[in-house]
Amino acid sequence: MSTILSVKELCKTYIIKKYSNNVLRNVSFELEEGDFITVMGPSGSGKSTLLYTVSGMDSMTSGKVEFNGRDIGSMNRKDLAKLRLNEMGFIFQQMYMMKKLCVFDNIVLPAYQAGTDHKEANKRAEGLMRSLDIIDISEHSINEVSGGQLQRACLCRALINSPKLLFADEPTGALNSKAAADVMNQLVNANRSGASIMMVSHSIKVAAMSDKVIYLMDGDIQGELELGKLLDDGELVSRERRLSSWLMEQGW
Ligand SMILES: Nc1ncnc2c1ncn2[C@@H]1O[C@H](COP(=O)(O)OP(=O)(O)OP(=O)(O)O)[C@@H](O)[C@H]1O
């Protein structure tokens, strides 16, 4: 098993009107290939900022982040964009969909950009949309769909290039329980097919499906809980209980 993401002493400071906000303070952790981790913690503890900085979407103030042995802090914008297109997938709270394209075209576009044969890309997009129950909205403009449908479309788009590492910020946030279960099943399937996942979630039910939970407090990792791979849905209740009592110890 090799390390896909190595984060060492990562710091991120936002400066607004001369006031410094040290959002991430010396965060260090490693993600092994095939890992599925969830970052939890109080609102404002820096969870989304952590996802944005380790994925190269936002710059770091200091520290080192390596993706598959490549130092992302020293990569130029073009190489970073290529890395994100080909090897990473994103489901973020601000969903950057192209307003002029229909849902299907938004989903398939990254595959075309990566040079995948169009017929193959279309087939893959259709399969993903069926599994997330949004095939009926293929031709809709992104202004004509619900928040939950849009979130599922984002997941399809994130998976279209079979990313090595998937970043997901509250992927079930806007969803009802059936849609949330569809999304989580798809994430677990993607992980079983080899994608590593780094997710942020406030939900115990959702986080209990991951292998490991990191608790972020005031921009630093306060604790880690190893849950192991989810092998059977029957284990979920006991995993949720374990996670819930650990979170209470963390002061959640
Ligand atoms: N682009 C930005 N510019 C300035 N400050 C920011 C920016 N993004 C986040 N922050 C600040 O960083 C801190 C952490 O925000 P972040 O969104 O990472 O927290 P979070 O743990 O994900 O919170 P939540 O659970 O509420 O989503 C907050 O104080 C926030 O105001």
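This note covers the ligand shell, the sheet and one helix of a predicted model.

1. Ground rules. Residue numbers start from 1 along each chain as its sequence is written. In this predicted model, local features need pLDDT of at least 70, side-chain atom pairs count only at pLDDT 80 or more, and totals for chains, interfaces and linings use all residues.

2. The ligand shell. Look at the residues around the ligand (C-beta atom, placed from the backbone, within 6 Å of it). Among them are Tyr 14, Asn 21, Gly 44 and Lys 47. Strand E1 (3-16), strand E2 (19-32) and helix H1 (47-54) each give two or more residues. Helices (H or I, at least four residues) and strands (E, at least two) are DSSP runs, numbered from the N terminus. H1 gives the most, with 3 residues.

3. Shell chemistry. The shell has 3 nonpolar, 8 polar and 1 charged residues. Here Ala, Val, Leu, Ile, Met, Phe, Trp, Tyr, Cys and Pro are nonpolar, Asp, Glu, Lys and Arg are charged, and the others, Gly among them, are polar.

4. The sheet. 6 strands form an open, mixed sheet in the order E6-E7-E8-E3-E9-E10. Strands pair if DSSP finds at least two bridges between them. Strand E6 (88-91) and strand E10 (220-226) are the edges, each pairing on one side only. The twist averages 15° from one strand to the next.

5. One edge pair. Strand E9 (residues 212-217) runs antiparallel to E10, over 6 bridges. Val 213 stands opposite Leu 225 in E10.

6. Helix on sheet. H1 lies across strand E3 (36-40), strand E7 (165-169), strand E8 (196-200) and E9. Contact means C-beta atoms, placed from the backbone, within 7 Å. H1 runs at about 145° to E8. Axes are lines fitted to C-alpha atoms, for helices over the stretch in contact, and angles run from 0 to 180 degrees between N-to-C directions.

Key:
Contact = placed C-beta atoms within 7 Å.
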